[in-house]
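Trainee: I would like a close look at a single part of this model, the sheet, together with what packs against it. Please take me through it in one connected account.

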Amino acid sequence: MSVRPVRIRASFLFLAVVAAAPLASAKTGVEVARSDAESNAKTPAGGRYEGVLVSQVEDWLHPAVVRCAAAAPKEELISFDALLRVSPQGKAEEVLFGPETAVARCVAPEFHEAIYPRPPQPSWWVKVEVKLRLK
């Protein structure tokens, strides 16, 4: 009789691991996201979309970058790319940074909470270059 509970636990553990597997593989690599965003930007619709999105992002992103840069260590004050996968509803499905710096981590909530223009296609990758200028 003691063998049966062990089998149940093993089966449960296996089901828990299988159920968690899709969540673990959902994150896209930075280089894959960058490549997709750059490919998207080369299309006529993608170029127009990127232009509209970047002009809107600058309005709300600039104050956050200034605030975050003021609190970041000097060695973390480098430019980075924000790579966004935008849903058909204009929400960030995924936000990645390359490189991931203290400033990037600090402004991440701004990217996650923003509403973006509706992309040309679902789950559209776009790149936003965040250039830090030191005085």
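Mentor: What follows goes from the chain as a whole to the sheet, then to the helices and cores around it, and ends at one loop residue.

The model is predicted, with an average pLDDT of 83 over the chain and 80% of the residues scoring at least 70. Residues 1-25 fall below 50 in pLDDT, and in the model this stretch has zero contacts beyond near neighbours in sequence. Where pLDDT is low, the predicted coordinates should not be read in detail. I leave that stretch aside.

The chain contains four helices and three strands, and along the sequence they follow the pattern α-α-α-β-β-α-β. Among contacts between residues at least 6 apart in sequence, 78% join residues at least 24 apart. Of the 135 residues, 35% count as buried.

Now the sheet. Its three strands are ordered S2-S1-S3, and the sheet is open, with antiparallel pairing. S2 (92-98) and S3 (124-130) are the edge strands; each has a single partner strand, so one side of each lacks a neighbour in the sheet. From one strand to the next the twist averages 20°. S1, residues 80-86, pairs with S2 in the antiparallel sense over six bridges. Within that pairing, Leu 84 is opposite Val 95 of S2.

Two helices can be placed against the sheet by their directions. Helix H2 (residues 30-41) packs on it with contacts to S1, S2 and S3, and the direction of H2 makes about 95° with that of S3. Helix H3 (residues 44-71) lies across S1 and S3, at about 45° to S3.

The nonpolar residues come next. The largest nonpolar core has 28 residues, and those that touch the most other members are Leu 53, Leu 84, Phe 111 and Tyr 116. Two or more residues of this core come from each of H3, S1, S2, helix H4 (102-113) and S3. The most come from H3, which gives seven residues. A second core, separate from this one, has five residues, among them Ala 33, Ala 37, Leu 83 and Leu 96.

Leu 53 shows how the larger core is joined up. Setting aside neighbours within four places in sequence, Leu 53 is in contact with Leu 84, Val 86, Tyr 116, Pro 117, Val 126 and Val 128.

H4 has its own buried set: Val 103, Ala 104, Val 107, Ala 108 and Phe 111. Viewed down the axis of H4, the buried residues fall within an arc of 155°, so they line one face of the helix. The cover over these buried residues of H4 includes H3, S1, S2 and S3. Phe 111 thus appears twice in this account: in the buried set of H4, and among the residues that touch the most other members of the largest core.

The last residue to look at is Ile 115, in the loop between H4 and S3. Its relative accessibility is 54%; exposed means over 50%, so Ile 115 counts as exposed. Not counting residues up to four places away in sequence, Ile 115 touches Gly 90 and Lys 91. The C-alpha atoms of Ile 115 and Leu 53 are 9.9 Å apart, although 62 residues separate the two along the chain.

Key
Residues are numbered from 1 along each chain as its sequence is written. This is a predicted model: local features need pLDDT of at least 70, side-chain atom pairs count only at pLDDT 80 or more; totals for chains, interfaces and linings use all residues. Side-chain values use heavy atoms; hydrogens and water are left out. Two strands pair if DSSP finds at least two bridges between them. Axes are lines fitted to C-alpha atoms, for helices over the stretch in contact, and angles run from 0 to 180 degrees between N-to-C directions. Contact means heavy atoms within 4.5 Å. A nonpolar core is a set of buried Ala, Val, Leu, Ile, Met, Phe, Trp, Tyr and Cys residues joined through side-chain atoms within 4.5 Å. Buried means under 20% relative accessible area, exposed over 50%, partly exposed in between (1.4 Å probe, protein chains only). pLDDT is the predictor's confidence in each residue, from 0 to 100. The arc is that of the directions from the helix axis to the C-beta atoms.
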